[in-house]
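Please look at how the helices of this protein pack together and where empty space is left between its atoms. The text below goes through these two topics in turn.

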Amino acid sequence: MNARLRLPDSVQVLERGWLSANNVLLFDGAEAVLVDSGYVSHAAQTVALLRAALDGRQLGRLINTHSHSDHIGGNASVQRAFGCSITVPAGMERAVTDWDEAALLLSTAAQAGERFAVDATLAPGDRFVAGELEWQAIAAPGHDMDALTYYNTERRILISGDALWRDGFGILFADVLGTGDGIGEARRTLEAIGRLAVDAVIPGHGAPFAEFDDALERAFARLRAFEADGARMARNAIRACVTFKLLEVRRLALDELPRYLDETPLYREANRRFLGMEPNALASWLVTELERAGVARRAERWLDIC
Ligand SMILES: [Zn+2]
């Protein structure tokens, strides 16, 4: 349902699943720029997809929207394969340079990554040309406090990362972990991008879409729901992150699940701050939820992805 969505020929979106964020290629003749590189365990697949899409053209630069594992996981492999430079939002430079696995939420959410070096940064307000279009970096704190979105005025395209999807936005980690006001920041971000004229959104996950106002409305409604019910937000975050983990590892041992939930900072904090459940009770709630949603199923001593 992408009514009248037309992206310029110089813009190509490699739509991925959920473990890997979308890869956006912006072509300028024989050169290309890539936005986001997917998850580390998909890196070989990402390189193969890019090689096919580049079709002999040169990948000069890789730019990230934010620092999460599903957006930066392929950075090192893509750089090795194509020799491109890597540009990150200025706010995440330190975390990457120090490879601070807590700040990058890798250790926090029991996710994997591969270290890479930063060649350049972009700050809010900075501009760059890619895909024969000029893009402006716009601050998009909320899901990731240092995230940027990239906006082209002329064709009214917004590369939104995980700040805005067709139905929602990325987990508000700061609220779940108690490290900041993710809800407030996300609201200000949505208000700011809501003032832009946008005909096409290229989200970090899911297909590009034209229905910008609808998406904003749903995102604001979701924020209000999270504000009214922190437990709902926490349950949502646990469900989403365990699903992500299952996409990576395919199965989790059921008898280890309570300990896994209790030892992984994100789940432990989400539970401690909003739910107050015993690890065993949390695990059995989670298994029931994932089975009911058709995400996973029990098979003997395992929880398998469907
Ligand atoms: Zn993200």
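The largest cavity in this predicted model holds about 50 Å³ of space. Its lining is made by Ala140, Pro141, Gly142, His143, Asp162, Ala163, Phe169, Leu172, Ala186, Thr189 and Leu190. Sorted by class, that lining has 7 nonpolar residues, 3 polar ones and 1 charged one. How many cavities of 30 Å³ or more does a search of the whole structure find? The search finds 3.

A pocket, unlike a cavity, is open. The largest pocket contains about 830 Å³ of space. It has 38 lining residues, and those nearest its centre are Trp18, Trp165, Ile171, Ala240 and Cys241. Three helices, α2 (69-72), α7 and α8 (230-249), are the elements that each give two or more residues to this lining. Which of the elements gives the most? That is α8, with 9 residues. The lining of the largest pocket is made up of 22 nonpolar, 10 polar and 6 charged residues.

The next topic is how helices meet. Two packed helices can be described by two values, the angle between their axes and the distance between those axes.

Take α6, which covers residues 182-194, and α7, which covers residues 212-228. Their axes come within 11 Å of each other and cross at roughly 165°. Because angles over 145 degrees count as roughly antiparallel, α6 is roughly antiparallel to α7. The crossing of these two helices is left-handed. On the α6 side, the contact is made by Ile183, Ala186, Arg187, Leu190, Glu191, Ile193 and Gly194. On the α7 side, the residues are Phe212, Leu216, Ala219, Phe220, Leu223, Arg224, Phe226 and Glu227. By class, this contact of α6 with α7 comprises 10 nonpolar, 1 polar and 4 charged residues. Two of the α6 residues named here, Ala186 and Leu190, also appear in the lining of the largest cavity.

Helix α8, already met at the pocket, packs against α11, which spans residues 279-292. The axes of α8 and α11 come within 11 Å and cross at roughly 70°. Angles of 65 to 115 degrees count as roughly perpendicular, so α8 is roughly perpendicular to α11. From α8, the residues Arg235, Ile238, Arg239, Val242, Thr243 and Leu246 meet Leu282, Trp285, Leu286, Glu289 and Leu290 of α11. The contact of α8 with α11 divides into 7 nonpolar, 1 polar and 3 charged residues.

The last pair is α1, residues 43-54, and α3, residues 75-82. What is the angle at which their axes cross? The axes cross at roughly 45° and come within 9 Å. That angle falls in none of the ranges for roughly parallel, perpendicular or antiparallel, and α1 and α3 are therefore oblique to each other. Their crossing is right-handed. Helix α1 contributes Ala43, Thr46, Val47, Leu50, Arg51 and Leu54 to the contact, while α3 contributes Ser77, Val78, Ala81 and Phe82. By class, the contact of α1 with α3 has 7 nonpolar, 2 polar and 1 charged residues.

Terms used: Residues are numbered from 1 along each chain as its sequence is written. This is a predicted model: local features need pLDDT of at least 70, side-chain atom pairs count only at pLDDT 80 or more; totals for chains, interfaces and linings use all residues. Side-chain values use heavy atoms; hydrogens and water are left out. Axes are lines fitted to C-alpha atoms, for helices over the stretch in contact, and angles run from 0 to 180 degrees between N-to-C directions. Helices (H or I, at least four residues) and strands (E, at least two) are DSSP runs, numbered from the N terminus. Angles under 35 degrees count as roughly parallel, over 145 as roughly antiparallel, 65 to 115 as roughly perpendicular and the rest as oblique. A crossing is left-handed if the near helix is turned anticlockwise from the far one by less than a right angle, and right-handed if clockwise. Contact means heavy atoms within 4.5 Å. Ala, Val, Leu, Ile, Met, Phe, Trp, Tyr, Cys and Pro count as nonpolar, Asp, Glu, Lys and Arg as charged, and the others, Gly among them, as polar. On a 1 Å grid over the protein atoms alone, a cavity is a set of points where a 1.4 Å probe fits but cannot get out, and a pocket is an open set with protein on both sides within 12 Å along at least five of seven lines; lining residues have an atom within 4 Å of a point. Grid points are joined across faces, edges and corners, and a volume is the space filled by probe spheres set on the points.
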